[in-house]
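Visitor: I am new to this structure. Please show it to me, and let me ask how its descriptions are earned.

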Amino acid sequence: MYDLIIRNCRIVDGTGQPWYRGSVAVKAGKIVKVVRENDEHSDREGESSEISSENAILAADSGAEPTGAAEAAEMTALQIVDGHDHYLAPGFIDIHSHSDCKILAYPTGESRILQGVTTEIGGNCGMSPFPVNPRYEEELSGYLRGWWEEDTFPGRRMSDFLKAVEEKGHSVNFGALVGHGSVRLAAMGFSDQKADAGQMAAMKDYVKEAMEDGAFGMSSGLIYPPGTYADTDELAELSAVMKPYGGMYVTHMRNEGLQLVESVREALEIGKRSGVAVEISHHKATRKEVWHTGCRETIAMMKEARANGQDVTFDQYPYTASSTGMDCNIPSWAFEGGVDALLKRLEDPELKKKICTQMEESHRGRWDEIHVGDAASRENAWTIGKSIPELAQIWNITPEEACIRLVVKERGDVKEIHYGMCDDDVEYIMSQDFGMIGSDGEGVPLDFHGMVHPRYFGAFTRVLAHYCRERKLFSLETAVRKMTGLTAQRLGLEDRGLIREGMWADLVLFDFDQLESTPDFQNPKVPSKGIEKVYVNGILTAENGRHTGAMAGMVLRRKG
Ligand SMILES: [Zn+2]
């Protein structure tokens, strides 16, 4: 007797291999049996509710053996679900999430589960709510402002944080990277200086500690202070600490615009010098000047590195607009000392002028790409969706001043949506076979108070509905592999990401024809259409756009 049988579905198993018609049996949270059905008996809906025992074969690896007739006929379960000939895939794995900052506040993670995501990796872009050095605890709160929603941190190290997550309970399986920015901050605050020997030793200890606590790697966020103050040497030395643990270097690179190629070169060098695998985060080209050419060069560089034996992959979200803190438009030197120090500098007319001049130079001709995504206060809610030049006109000031005014008014807590990419690049990058899908979102509920990028609720369904079904960039099997099997392999998750006996039963049943990534920039907090059932560790967690309330997620720690 099984706990659950999902039958009469087209199984896309996560390997990239062609789908097959079959049934999956689940017991104690795991896939315990996969049965392949004979196509001729089940090509019309409703006709295949009975598994044809004579034709049923085990859908194991190639060389599948016929199932004993008696065995298949006897397949019974506490619950039997008819898949209505829709697709059954492994639950999607989001390799690039920021849910470390939200999972304690919103453990049900609707934005993830309603689009079929059953596993996510937080701690990206250099940010993680650990390690915590009490001396710099306030700075860490400032660093994570707009992301982290708790009043305090659960403890000093990663294991304290994961324990808190486990105790609270959560719907989506969760693992994490340690953020290099958080590590640097714990060792030396927001200092923009090169780390001295003592500070390097402290940072290495923090990285080692996180690896021992089960981190999947270290992420860097090289546009954000304090990560931006680190040089290549520092990053390579810290990455080398991960080598014995099998951790990888995951990077939001120094520059995704005019210095895109140099930035990929730096990431590859860090990987080479440290001997660890490299994952380029949300790969893209954000400046018109490098559209069409930049990512062709970077993909070629990665392919060449791979051909030469360097383990490098990347992930990507499927949109031409990015989203980050509005304060990223302000020069990084102006941030030395954290958000409060920035606000102080902005009060000094001379320094403000210096800041404005730099901003004018760096943003000439592209302020109109930048729109307000979210303002923390109600007072400035009217600015949401407006471009910086629009605000400048309303306030009758320059675009630089408008950007600064909003950042100051919101005390740094304002997000932007930046229309800086082109679809040609997004598609070129996505069509590479060593790239994965990551949302760069967080787990938040449908009634979340803030504005979010549509990728929070819709990145995975958009890849399937738009880039796979409509644009036909690749087959459904390839699309699913990019968000399941490949990602699990990248993370060393040996018991997730495939529909195979022995795997945890993270499963998503969807109607491919009806699939629609409903969230958009105007209305981002809505469920995708066509995601019918989502199971986490064998437990039904979402059904047709509604969360069941189940909290069957597990904390994942890197094995090695
Ligand atoms: Zn990032």
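Visitor: In which hand does H7 pass H8, right-handed or left-handed?

Guide: This is a predicted model. In it, the crossing of H7 past H8 is right-handed. The residues in contact on the H7 side are Thr232, Leu235, Ala236, Ser239 and Ala240. On the H8 side they are Glu266, Glu269, Ile270, Arg273 and Ser274. By kind, the contact has 4 nonpolar, 3 polar and 3 charged residues.

Visitor: What makes H7 oblique to H8?

Guide: Take the angle. The axes of H7 (residues 232–240) and H8 (residues 260–274) cross at roughly 45 degrees and come within 8 Å. Roughly parallel needs an angle under 35 degrees, and roughly perpendicular needs 65 to 115. The crossing fits neither, so H7 is oblique to H8.

Visitor: Why is the chain called as compact as a globular protein of its length?

Guide: Set two values side by side. The radius of gyration is 24 Å, and the globule rule gives 24 Å for 560 residues. The two are close, so the chain counts as that compact. Its C-alpha atoms fill a box of roughly 85 × 50 × 45 Å along the principal axes.

Visitor: What share of the chain is buried?

Guide: Buried residues are 53% of the 560. To count as buried, a residue needs 20 or more other C-beta atoms within 10 Å of its own.

Visitor: How many helices and strands does the chain have?

Guide: The chain has 17 helices and 22 strands. Of its contacts with a separation of 6 or more, 75% join residues 24 or more positions apart.

How values were computed: Residues are numbered from 1 along each chain as its sequence is written. This is a predicted model: local features need pLDDT of at least 70, side-chain atom pairs count only at pLDDT 80 or more; totals for chains, interfaces and linings use all residues. Axes are lines fitted to C-alpha atoms, for helices over the stretch in contact, and angles run from 0 to 180 degrees between N-to-C directions. Helices (H or I, at least four residues) and strands (E, at least two) are DSSP runs, numbered from the N terminus. Angles under 35 degrees count as roughly parallel, over 145 as roughly antiparallel, 65 to 115 as roughly perpendicular and the rest as oblique. A crossing is left-handed if the near helix is turned anticlockwise from the far one by less than a right angle, and right-handed if clockwise. Two residues are in contact if their C-beta atoms, placed from the backbone, lie within 7 Å. Ala, Val, Leu, Ile, Met, Phe, Trp, Tyr, Cys and Pro count as nonpolar, Asp, Glu, Lys and Arg as charged, and the others, Gly among them, as polar. The radius of gyration is taken over C-alpha atoms; the globule rule is 2.2 Å times the number of residues to the power 0.38. A residue is buried if 20 or more other C-beta atoms lie within 10 Å of its own, exposed if 12 or fewer, and partly exposed in between; C-beta atoms are placed from the backbone.
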